[in-house]
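Work through the exercises below with the sequence and the coordinates at hand, and compare each step with the solution that follows it.

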Amino acid sequence: MALFGAFGCIPLDFILPMIFYNAAFKPSKQSLIFWVNTLIAGVSFLLVGVGAVASVRQIVLDAKTYRLFANM
């Protein structure tokens, strides 16, 4: 779920709306709203990378103790 969230939910929630706003309304590149949207998209892109690395790391750590069937 964490890996899906890193690659699926963060871009849909934070990156794409900012990019679409800048593309649709075309604010001036000197305006504050353009740079705030760009900053939010950039920071969110970094969060995607950190979240992906952290979730893959957790999958690797959990794979060591994973058992398909329960020991009864």
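**Exercise 1.** Decide whether S44 is buried or exposed, and find its contacts.

*Solution.* S44 has 5% relative accessibility and therefore counts as buried, where buried means under 20% relative accessible area, exposed over 50% and partly exposed in between (1.4 Å probe, protein chains only). The model is a predicted one, in which local features need pLDDT of at least 70, side-chain atom pairs count only at pLDDT 80 or more, and totals for chains, interfaces and linings use all residues. Residues are numbered from 1 along each chain as its sequence is written, and side-chain values use heavy atoms, with hydrogens and water left out. With neighbours within four places in sequence left aside, S44 is in contact (heavy atoms within 4.5 Å) with I10, F14 and I15.

**Exercise 2.** Place S44 in its helix and check the span of that helix.

*Solution.* S44 is found in helix α2, helices being DSSP runs of H or I with at least four residues, numbered from the N terminus. Helix α2 comprises the 32 residues 32–63, so at 1.5 Å a residue (times one less than the number of residues) α2 should span 46 Å, which agrees with the 46 Å between its end C-alpha atoms. The buried residues of α2 include F34, N37 and S55, and the buried residues of this helix pack against α1 (2–25).

**Exercise 3.** Describe K26 by location, exposure and phi.

*Solution.* K26 lies in the loop between α1 and α2, and counts as exposed because its relative accessibility is 62%. Phi of K26 is near 45°, a positive value in a residue other than glycine. Most residues other than glycine have a negative phi.

Technical notes:
Helix = DSSP H or I, 4+ residues; strand = E, 2+ residues; numbered from the N terminus.
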